[in-house]
Amino acid sequence: MAPVLLWYEYHWADGTNIKKPIKCSAPKYIDYLMTWVQDQLDDETLFPSKIGVPFPKNFMSVAKTILKRLFRVYAHIYHQHFDSVMRLQEEAHLNTSFKHFIFFVQEFSLIDRRELAPLHELIEKLGSKDR
């Protein structure tokens, strides 16, 4: 039986430079995403670096959006590139990184369960070993 190939269409909008979502390839989506995340982290109004400067009221919303979008990168790697990861014998590193990411977002309820559905089985498997 042939493996089931999943095809995902990627759309990017950052709400500032690109307001209406545009279709793009996975590599372009990831490039847009990583640039956008870095811009968010560098924004002193969102992520103040000085002691005593409060985080903005919308901080949790911004943080949740960042983490939800970063989860999509993990999902893409697992669905489209895991064979390459295994060939490179790097699956333990990827799994450990993902496990830490998932435990963090679950501990603080930062990503809705529905958003995690593409990797639900893996999340269950990684979580069951420690419980």
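**View 1. Contacts of H76 in the predicted model.** Beyond its neighbours within four places in sequence, H76 is in contact with Y10, A26, I30 and H81. The model shown here and in the other views is predicted. H76 belongs to helix α2. Its relative accessible area is 11%, so H76 counts as buried, the cut-off being under 20%.

**View 2. Helix α2 and its span.** Helix α2 runs over residues 59–80, 22 residues in total. From the first C-alpha to the last it reaches 32 Å, close to the 32 Å expected at 1.5 Å a residue.

**View 3. Buried residues of α2 and their cover.** The buried residues of α2 are V62, A63, I66, L67, R69, F71, V73, Y74, A75, H76 and Y78. Charged R69 is listed here beside residues such as V62 and L67. The cover over these buried residues includes the strand β1 (10–12) and the helices α1 (26–42), α3 (82–87), α4 (91–107) and α5 (120–128).

**View 4. The largest nonpolar core.** This core has 17 residues, and the members that touch the most others are F71, F98, F101, I102 and L119. Two or more residues come from each of α2, α4 and α5.

**View 5. Surroundings of F71, and the second core.** Not counting residues up to four places away in sequence, F71 touches F98, F101, I102, I111, E115, L116, P118, L119 and I123. A second core, separate from the one in View 4, has 14 residues, among them Y10, W12, C24 and L46. Y10 also appears among the contacts of H76.

Note on methods:
Residues are numbered from 1 along each chain as its sequence is written. This is a predicted model: local features need pLDDT of at least 70, side-chain atom pairs count only at pLDDT 80 or more; totals for chains, interfaces and linings use all residues. Side-chain values use heavy atoms; hydrogens and water are left out. Helices (H or I, at least four residues) and strands (E, at least two) are DSSP runs, numbered from the N terminus. The expected span of a helix is 1.5 Å times one less than its number of residues. Buried means under 20% relative accessible area, exposed over 50%, partly exposed in between (1.4 Å probe, protein chains only). Contact means heavy atoms within 4.5 Å. A nonpolar core is a set of buried Ala, Val, Leu, Ile, Met, Phe, Trp, Tyr and Cys residues joined through side-chain atoms within 4.5 Å.
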